[in-house]
Amino acid sequence: SAGGFDAKYGDKMSSVLDIQYKRPIGLESRLNMSLLGASGYVGWGNNKTSQMHGIRYKTSKYLLGTLQTQGNYNPNFIDYQTQMTWKLGKKDNWDIMLLGNISQNSYEFTPESEETPFGTLQQTLEIRKEHIGKEKDIFRTAFTALSVNHQLTPTIQLGLNLSGFYTHEQETFDIDTEYVLSEKPAEENDQAQTDAEQNVNISNTSVLGTGHYHEHARNTLQAGMITLAHIGQWKIDQNLLEWGISGQLEMINDHISEWEWRDSMGYSMPNLEQQLALYYTLKGTTSMKSARLQAYAQDSYRWSTPKGEVLLTAGLRLNWWNYTNELLPSPRISIAWMPGWKRDFSFRASTGIYYQAPFYKELRQVVQDRGGVNRIELNNKLKAQRSWQFVLGTDYYFRAWGRPFKFTAEAYGKYMDRIESYTAENVRVRYSGDIDSRGYTIGLDMKLMGELVPGADSWISFSTMRSRMQFIDDEHGLGWIPMPREQRYNLSIYFQDYIPRFPQYKIHLKFLYSEGMPFGYPHSEELRYIGHMNDYRRIDIGASRVFSASTDKWMKKVQHIDSWSIQLDVFNLIGWQNENSYYWVTSADGLQWASPNYLTGRMFNLKIDVMIK
């Protein structure tokens, strides 16, 4: 959702996630294996109890082998999740659920060499790098929750939840790199090719610069949270009254030590006459203990009119954090109308004031000491980000060619008078630690989904968004600039088909096209935005064969397998080079060139999926 959600869904300025777990009846299991990992699931249940267990292992070693940086990649991810439920009491009016999850995501990378051509039509550039060193990152998380719900009366339900969360993040790397930046004017390329065909030993390539840089980090973060919450709901005639209150304790320990040294043409950057300085440093050791209180109440009233059904929901949410001592009232209201037309339409509108209370990483503020070292301090006066949201949406269910379809559209507008700016580098996000800007976001999301062929879902979606921000103290005269994640257009298409007489043979096609992300010079406030990356383009195609007793007679002799399938996928079929970020090469006189870092190229994946009886 673009936003505008009810008070019970928390304090966020964008989407929330609402997961409803199923309860299996009987025994069910599934096994999935591919070149990118494996997963297994088993579930069992009856009318009194149920349990589900799942384990996943993923590795991106094969996938990352298509990157332009040559080296030894060894990333892997493993997690285990379980959910168990029990119904107690003579009337099954007690419901208990236990949910648990534990995961580890590790990433090891030893780079060796890299060659990246880039530039413009008038100028062709190439950067060659040789690496020494290693990066090793580990992220461990654990989560558990116990909930008890009691149906006090046919109209009143009460619940109590106790949950805990723990994370340990470790980011370490030491990578030493030497590079050579070369230039060849584009108009000379054709002549150079002709000379090469005539066995003429000639080279028009000129070296713009050579350099050396060293990147170092020893960062660790440990965080734990314990939450106790009460929720309830009461049905009164046409009203549904819902409420909740929770308390949360947070304990965090953080250590950051990272720096970067650069040398260009024999000069250490920055080139200072009086002292030798590092290009970039960031250090800090902090810890904090804090408590939050949250509460909400909302009422949903449904009534019927000659022109259809109307659902009106109004609510208020309160949030208080002792670290900043700020009380956040968030009123919200929404209305939905299901007209009694022959065609199945529904319309909805919502508005409200939405706060996003800061978490620990948003409190971190960078302060430079007298020695030029950037140090981390916590800003206990940081206010929560705030936005006014307006959302209009519609859903249309219809049938075409005898098959079901759904069209959904959502238009939204958000004005944010309090924003904490941030910078995005690859997948790392760093916040400024202060409410320093304001902004707005307007957009439209549309999606059409259905069965173009019977029994196979397909869809097409298009989104457009304009998201801008302006610094409150605009010292550099930047004006309104794009937010770091702005994408002004995004088109995606997914299509499935099969052979009419042989539905066990299927094919699927996916196409993605979107605007590239904004980018700017690193560690620069006045040039933090200079343009957008090139558009993102990608085509994936796959084919599968399903084996089951209904289509293959020999499967009737297999006792413990209900069905199984084999699937071959080709990701990034055309092999387009999509930019993810840039490495900036700096000369001794301050000139900078942006060398692109590309996402994965074309790759193949083979997957086997088994449904076990």
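**Stop 1: Glu-410 and Arg-348**

Select Glu-410 and Arg-348 in this predicted model. Their side chains form a salt bridge. The closest N and O atoms are 3.7 Å apart. Now colour the strands that carry them. Glu-410 sits in strand β18, residues 403-425. Arg-348 sits in strand β14, residues 344-356. The pair links distant parts of the chain, 62 residues apart.

Buried or exposed: which word fits Glu-410? Glu-410 is buried, because its relative accessible area is 12% and the cut-off for buried is under 20%. Arg-348 has 29% relative accessibility, so it counts as partly exposed.

**Stop 2: Arg-386 and Asp-417**

Stay with strand β18 and select Asp-417. Add Arg-386, whose side chain meets that of Asp-417 in a salt bridge. The N to O distance is 2.6 Å. Arg-386 lies in strand β17, residues 385-400. The two residues are 31 apart in sequence, so this pair ties together separate parts of the chain. Show the surface around Arg-386: this residue is buried, with a relative accessible area of 17%.

**Stop 3: Arg-545 and Asp-552**

Move to Arg-545 and Asp-552. Here is another salt bridge, at 2.9 Å from N to O. Arg-545 counts as buried at 13% relative accessibility. Asp-552 is buried too, at 8%.

**Stop 4: a charged network**

Select Asp-11, Arg-317 and Arg-332 together. Salt bridges link these three residues in a network. Across the structure, how many salt bridges are there? The structure holds 25.

**Stop 5: Phe-547 and Trp-564**

Switch to aromatic rings. The structure has 22 aromatic pairs. For one of them, select Tyr-179 and Tyr-213. Their ring centres are 6.3 Å apart and the planes make an angle of 45°, which is a tilted arrangement. Tyr-179 lies in strand β7, and Tyr-213 lies in strand β8, residues 206-236. The pair therefore ties together parts that are 34 residues apart in sequence. Both Tyr-179 and Tyr-213 are buried.

Next, select Phe-547 and Trp-564. How does this aromatic pair sit, stacked or tilted? Phe-547 and Trp-564 are stacked, with 4.3 Å from centre to centre and 10° between the planes. Colour strand β26, residues 536-548, to find Phe-547. Colour strand β27, residues 561-571, to find Trp-564. These residues are 17 apart in sequence, so the stacked pair ties those parts together. Phe-547 counts as buried at 14% relative accessibility. Trp-564 is partly exposed at 24%.

**Stop 6: an aromatic cluster**

Which residues do ring pairs link into a cluster? Select these side chains:

- Trp-337, Trp-341 and Trp-401
- Phe-345, Phe-347, Phe-398 and Phe-405
- Tyr-396

**Stop 7: a negative patch**

Turn on the surface and select Glu-112, Glu-115, Glu-130 and Glu-178. These residues form a negative surface patch. Zoom in on Glu-178, in strand β7, residues 156-185. Glu-178 counts as partly exposed because its relative accessibility is 49%. Strand β7 also carries Tyr-179, from the tilted pair.

**Stop 8: two distances to draw**

Draw a line between the C-alpha atoms of Leu-17 and Ile-493. They are 476 residues apart along the chain, and the line spans 24 Å. Leu-17 is in the segment before β1 (28-34). At 73% relative accessibility, Leu-17 counts as exposed.

Draw a second line, from Phe-143 to Leu-444. How far apart are they in space, C-alpha to C-alpha? The distance is 35 Å, and the residues are 301 apart in sequence. Phe-143 is found in strand β6, residues 123-153. Phe-143 counts as partly exposed at 30% relative accessibility.

**Last stop: the whole protein**

Zoom out and show the cartoon. The protein has three helices and 30 strands. Its C-alpha atoms fill a box of roughly 85 × 70 × 45 Å, taken along the principal axes. Colour by accessibility to finish: of the 613 residues, 39% count as buried.

Notes: Residues numbered from 1 in each chain as written. Predicted model: local features only at pLDDT ≥ 70, side-chain atom pairs only at ≥ 80, totals over all residues. Heavy atoms only, no water. Patch = residues over 30% accessible without salt bridge, like charges linked within 9 Å, V, L, I, M, F, W, Y side chains within 5 Å. Areas by Shrake-Rupley, 256 points an atom, 1.4 Å probe, with all protein chains shown as cover. Salt bridge = Lys/Arg side-chain N within 4 Å of Asp/Glu carboxyl O. Lys, Arg positive; Asp, Glu negative; His and termini not counted. Charge placed at Lys NZ, Arg CZ, Asp CG, Glu CD. Helix = DSSP H or I, 4+ residues; strand = E, 2+ residues; numbered from the N terminus. Buried < 20%, exposed > 50% of the residue type's maximum accessible area, 1.4 Å probe, protein only. Phe/Tyr/Trp six-rings, centres within 6.5 Å; stacked < 30°, edge-to-face > 60°.
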